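Me: I'd like to learn how to read some features of a model like this one. Could you walk me through them?

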Amino acid sequence: MQRMKFILPILCLVLAHITFVPELHAGITGKIAGKVVDEGGNALPGANVIVVGTQRGAATTADGSFVILSLAPGRYTVSASMIGYNKMTHSNVVVNSDRTTDLNFTLTEAAVEGEEVVVTAERPLVEKDRTYSEYHVESHEIERLVGVASVGEVLSLQPGMDIYGQGSIRGGDMNYLAADVVFYVDGVRAVSTDGLNFHNFLGIQKYSVESISILTGGLSAEYGNAQGGIVNIVTKEGSDKLKFWIEYGLTPPGKKHWGVNYYDSPLHRGHMHWDDPQWVNEVDSLTGSKVHERIDYTDKWGQYLQVNVSGPLVLPGLSFFLSSEWNRSASSGIGAEFYSDKPYTIPQSSLKLTYNVTPSIKFRLGGVYNSYESWNGGPSQGGIKGLGDSGRNIFLPMYAASAGKTSSTDFTGYLSLTHLITPKLYYDLHVSYTGAEQKGLDVPDSTTETRLDEDGWFHIGRTAVTYSETERNRISAKFDLSYQAPYNHFIKTGVDFTQFETWATSFYEFPDYRSVLYLGKNHQIGKALNPRQWAFYIQDKMEFEGLVVNAGVRMDRFEPEYEYPATIALAASNYMYNTFTRLDYEDLRQRNLLRKAEPQTVWAPRFGVAHPITERASLHFFYGHIYQLPSFYTLYGERWINRDGTKDLDLNKDGQIGVYEIYNNLNEADFFGNPNLGYEKTINFELGADWNFYKDYIISATTYYKSASNQVTSPGEVHVHWWDPASAMFEFEFTQQATNGVHEDIQGFEISLRKRFSNHFAFELAYNLQWATEGQAGLGSEFFVPDSEFVMAGNFWTTYKADSTGREVPQSTFAFLQIRNAVSANNFLDSLRALGMDMQQLEDTHIWSVEFYGSSPEEPKPGKDIRSIGKAQVYVSTPGKFGPLGILGDINLNLIYRLSTGAPFLYSPLGEKAEWRHAPLYYRFDLTFDKTFGNFHGIKPTFFLDIRNLFNQKLVTTTSSDYIRWGLHQPRPDNEEFLKYGDYTQHSYAGSPRYVRMGLRLSL
């Protein structure tokens, strides 16, 4: 890990603020292509086509065609000129990542020298070269969306994306086991699954974004490790003019949850005695503080500040874009973190430097940085102030938590070089470093029992040794070579490499339970894993009149760099390797019971076709194989537990817990990662059409099918059993592991209708109908039994003895016991064979195994079989001088509607067969209003108002039997508790009541 830290200053030499843009790099440029002809349609070879302000351009060929490669996403002015002809200029030309912008020029003969024809270009509503579903959002569209606070909310409005801003696409997973959707920022991939939990830090403010491309239906060969789709974010670059953007927002005080004030909640019925002076004045004898203090948590303001500054630097061609965001959200309830001065969130900042050395050489240097502290929640009982343990934590101390604090830091720096060798040949080189660190602060020395008030109901404090620590470091490099070959072939090939160094530890200590869950190399806590990923791809995009074909192949390779026991069943023994410290890898190696995980390689073909029927209509088709690496949690995770809470033992009696004694009393191997898990695989099929049927209106329809196999189960799905020769027959112990046993089928239909902004309004309607099912087939359990040779070779023992260091050394078994155990082993093996079991030897270990397979029928995919998802956006803008004295001018209104059917759940009616049903419907309206007040020396002040849950809809989320049987959204009217205490499910409703954000934005 130290050698990675030395690289950090090199990457950040000129950075004052750094941000995050993680590894594996994606396409971040597009191209402009077209023809230059005269008024008669004849080609004009040798015409000059220039991208104004960039010194980039091309000369037309014999047939009048031209291509300008490697243009960053954005809007450009492009001109064409030729001696004897009037110059023609297209303004507002839109370029998107990985797309071809068609641009044609018709030059007229010059009657008067110096005349110029200027045309305002419009982004085509139908992208004729698109071979799979892809949606683009540009910066000016994001700026109109005042009602969305983050990039995640921007994404949630796009077709195919989930409506909650979680980043899921078409039933894909985004959790600790899998992240099927991969985010790229400025071409660098955000890694999210190389720890014990899902961690997808992006660190990009919405006003920093130049464009977003969302790939929902297929991937070209350039992209890998993303079964669900890709979100490709390109941030803004500086220009030759100083610009800034400042937005300050406020959320007024008020109750931000359903139901009554939490102190008056029926959760506390019979336990609040505000009219009893003795109860009110009760004092904690340990701290001297009042036990029962009522806090007005509804009087807190929420606020945030976003600042963007960009402009030129000292050298010609050198510019910067700096963005920072500070956010202090108003709490929706009671919690320790909100009230304290610390923990607090410091500004999250990003910086991008762009240096156009020459028209053909461009450097980018950038990054993102974010660091913050938070309270460690600790145990549910007495852990942290709030509604934990059915509201019994409501009176815990305000400025503390039982388990201390957690400090978190995220960082990424990247450097990229684009070199145009010739007008039709260029390469991109990316190098990046990504870091994420988490550590515990002020963690107590011991765990104590929770303390209660005199009534024995409310928790008043405790300490708990509970913390999580992690350090994730990644270095990656990628080289891409692109060539615009003759006959309209655009060939792109590349290789990339990522080196990981990551470890993580999560420790829990309670009076009756202790556990450690960790990622570490070869059974060593705190020892970094160092696997590697490689990839190679080649693809050819063939663009012809009426036909575009994008075909390619990708190779992915993973090198685990990890050792593991020949069978993890050894750790389930009642005698051998049966504690964390007794599982000694050196001992396993000497006994030939250690193995090295083998590298894995997969090849993925991709094929897409676009058929432009007319200038306004196009069909597209995609078929491809997409592979994804399982999470490190399922590959390498390991958990050991103790179910009676006893502490580590001082075996050498030296008065301290030495290095060989730490965790020596964790005596149950709960689960092991499986470093031999194969790549998850999805076969993706899509067929769609786009039709610009009238002016600025376009309708798109797509049908899709995804067949996923080899999906990884949860770690507890496969039971791995071990039999000890000293145990009774059929007395097995087991541990657990994950396997590639899940298969999924996701199919659906997606349709959208949208109008581009014109005549002061725009709208977009999107609807997704889908079915997502999953089943399981494959390994269900394994049984391992040693034979007599294993026992007689001294590989089975029943006792240990500690040496002077506290290390436990296996003790030889008495000869007569060894013989008895050997005979018992062979007798048991013979009895298993007599039962018809096909026992197979595990290589040459003299351990025999039998496998049992299981399956489950395909059923609705939990949390993802959302049948219907609907979205609607309406945007209205008034002209600058509208209404009396222009007071109604420069007003923007944006109405957003979201709808989703409920997630599936299994319901078992009394005495009847279980069946799948869906939770209640969810829907919400949001409205935003903003008005710009003039232009003061280039500075435009804008006031905005953002109203969430406009109609204050209170939607039930319960799936109780009452709801299922009768559709009741509250308890039955004859319910005694309801009559006496009110709605005892008053907080169990979707979302929050109506609330308002307001603020001011200044732009130059």
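Me: What span should the 20 residues of helix 9 have, and how far apart are its end C-alpha atoms?

Reply: The expected span is 1.5 Å times one less than the number of residues. For helix 9 (residues 815-834) that gives 28 Å, and the end C-alpha atoms are 29 Å apart, which agrees. Helices here are DSSP runs (H or I, at least four residues), as are strands (E, at least two), numbered from the N terminus. This is a predicted model, where local features need pLDDT of at least 70 and side-chain atom pairs count only at pLDDT 80 or more, while totals for chains, interfaces and linings use all residues. Residues are numbered from 1 along each chain as its sequence is written, and side-chain values use heavy atoms, leaving out hydrogens and water.

Me: Which residues of helix 9 are buried?

Reply: First the general idea: an α-helix has 3.6 residues a turn, so residues three or four places apart point the same way. Buried means under 20% relative accessible area, exposed over 50%, and partly exposed in between (1.4 Å probe, protein chains only). In helix 9, Gln818, Asn821, Ala822, Ser824, Ala825, Phe828, Leu829 and Leu832 are buried. Seen down the axis, they fall within an arc of 165 degrees, so they line one face of helix 9; the arc is taken from the directions from the helix axis to the C-beta atoms. The face turned away from that buried side carries the exposed Ala815, Phe816, Arg820 and Ala834.

Me: What covers the buried residues of helix 9?

Reply: The cover is found through contacts (heavy atoms within 4.5 Å). It includes strand 37 (718-723), strand 38 (732-737), strand 40 (761-786), helix 8 (788-795) and strand 44 (847-860). Just after helix 9, Gly836 takes a positive phi of about 90 degrees.

Me: Which residues of helix 8 are buried?

Reply: Ser788, Phe790, Val791 and Asn795 are. They cover an arc of only 160 degrees around the axis, which puts them on the same side of helix 8. The buried residues of helix 8 pack against strand 37, strand 40, helix 9 and strand 44.

Me: Let's try a loop. Is Arg130 buried or exposed?

Reply: At 9% relative accessibility, Arg130 counts as buried. Arg130 lies in the loop between strand 9 (116-120) and strand 10 (134-138). Leaving aside residues up to four places away in sequence, Arg130 touches Arg99, Ala610, His620 and Asp690. The C-alpha atoms of Arg130 and Gly608 are separated by 8.6 Å, although these residues are 478 residues apart along the chain.
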